[in-house]
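User: I would like to go through some of the terms used for this model and see what each of them rests on. Please set the values against the cut-offs as we go.

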Amino acid sequence: MRVFADILDTVRRHEPVVHCITNYVTVNDCANMVLAAGGSPIMADDAAEVEDIVALSQALVINIGTLNSRTVESMLVAGRRANSMGKPVVLDPVGAGASALRNSTLQRLLGEVRFAAIKGNASEIGFLAGKDAKARGVDAQDSCLVTEDRLESAAATARHLSESTGAVVVVSGAIDIVAYSGGAWAVRNGHPLMARITGSGCMSAAVMGCCLGVAPYEMPQACLCAVSALGVAGEIAAETMVGGGGEMGGLGGGTGSYRALLLDAMSLLDGLALGSRADVTRIQM
């Protein structure tokens, strides 16, 4: 996984500016995760300034988690500006399928903005791909969750969406999938506690912005790097909680402690550790 190590180390060296138009539930988590990954976050969402902010950024991340009429225009303006400047744009279609506003906004975004990557849970990706998938709030339906026996079908759905949009498609879950026209990969890093804190998916998209910002011409590899890096950080955070073999045992705590440890783990992760722990396999289709 040397390429992942190189991309992560490049993020830390170059500190890409990542412009996030994201939701107010996780905006602080995303900003801190960008910093932990080695980037520089800027969280600007007013239509009057987003073009200027895009101009000084290396990547744009659009997250529709707490969508409102004011930010819809900001997302479209920023996305078109990023496209015109050749800068990668990440879409996190939080809650796709849950409301008419979300659905119409996603239709406009996908029609007017070219995305380097689209990241969502299995229900969100299924909805965008035209499958019979419905939202359960912002979480995936149990019937859509990616498991070993559903891996190939989920990868096929992701690849179908990739072919229709030109974006690398990432399906988040217990097993993450990264797919594009050239193939699909399963990432088996992470920990169940990641699903017990708000914002781990949003943070994943933010890290993708960091990696794409320094490797815009290696989009699948950049997305795989981001997904596996956050997963490895999630594993290390859980190991720290339950005890990593030290005399004092683990730090203990619950989900609040885990959230902080996840940021700690990402901030300390280097390319060598990522390269040795990333668990990425190609899905045969």
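User: Why is Cys-20 called buried?

Analyst: In this predicted model, Cys-20 has a relative accessible area of 2%, and because buried means under 20%, the residue is called buried.

User: How do you know which class, buried or exposed, fits Cys-30?

Analyst: The relative accessibility of Cys-30 is 2%, and since the limit for buried is under 20%, Cys-30 counts as buried.

User: How many disulfides does the structure hold, and what is the nearest cysteine sulfur to that of Cys-20?

Analyst: The structure holds zero disulfides. For Cys-20 the nearest cysteine sulfur is that of Cys-30, 6.0 Å away, whereas a disulfide requires two cysteine sulfur atoms within 2.5 Å, so Cys-20 is in no disulfide. Cys-30 is likewise in no disulfide, its nearest cysteine sulfur, that of Cys-202, being 5.0 Å away.

User: Why are helices H9 and H10 called oblique to each other?

Analyst: Helix H9, residues 219-242, and helix H10, residues 255-268, pack at an angle of about 125 degrees, with their axes 8 Å apart. Roughly perpendicular covers 65 to 115 degrees and roughly antiparallel begins over 145, so the angle of about 125 degrees falls in neither class, and H9 and H10 are therefore oblique. Their crossing is right-handed.

User: Which residues make that contact, and how many of them are nonpolar, polar or charged?

Analyst: The contact includes Ala-229, Leu-230, Gly-234 and Thr-240 of H9, with Tyr-258, Leu-261 and Met-266 among the residues of H10. By class, the contact of H9 with H10 has 12 nonpolar, two polar and no charged residues.

Terms used: Residues numbered from 1 in each chain as written. Predicted model: local features only at pLDDT ≥ 70, side-chain atom pairs only at ≥ 80, totals over all residues. Heavy atoms only, no water. Buried < 20%, exposed > 50% of the residue type's maximum accessible area, 1.4 Å probe, protein only. Axes fitted to C-alpha atoms, helices over the stretch in contact; angles between N-to-C directions. Helix = DSSP H or I, 4+ residues; strand = E, 2+ residues; numbered from the N terminus. Parallel < 35°, antiparallel > 145°, perpendicular 65-115°, else oblique. Left-handed = near helix turned anticlockwise from the far one by under 90°. Contact = heavy atoms within 4.5 Å. Nonpolar A, V, L, I, M, F, W, Y, C, P; charged D, E, K, R; others polar.
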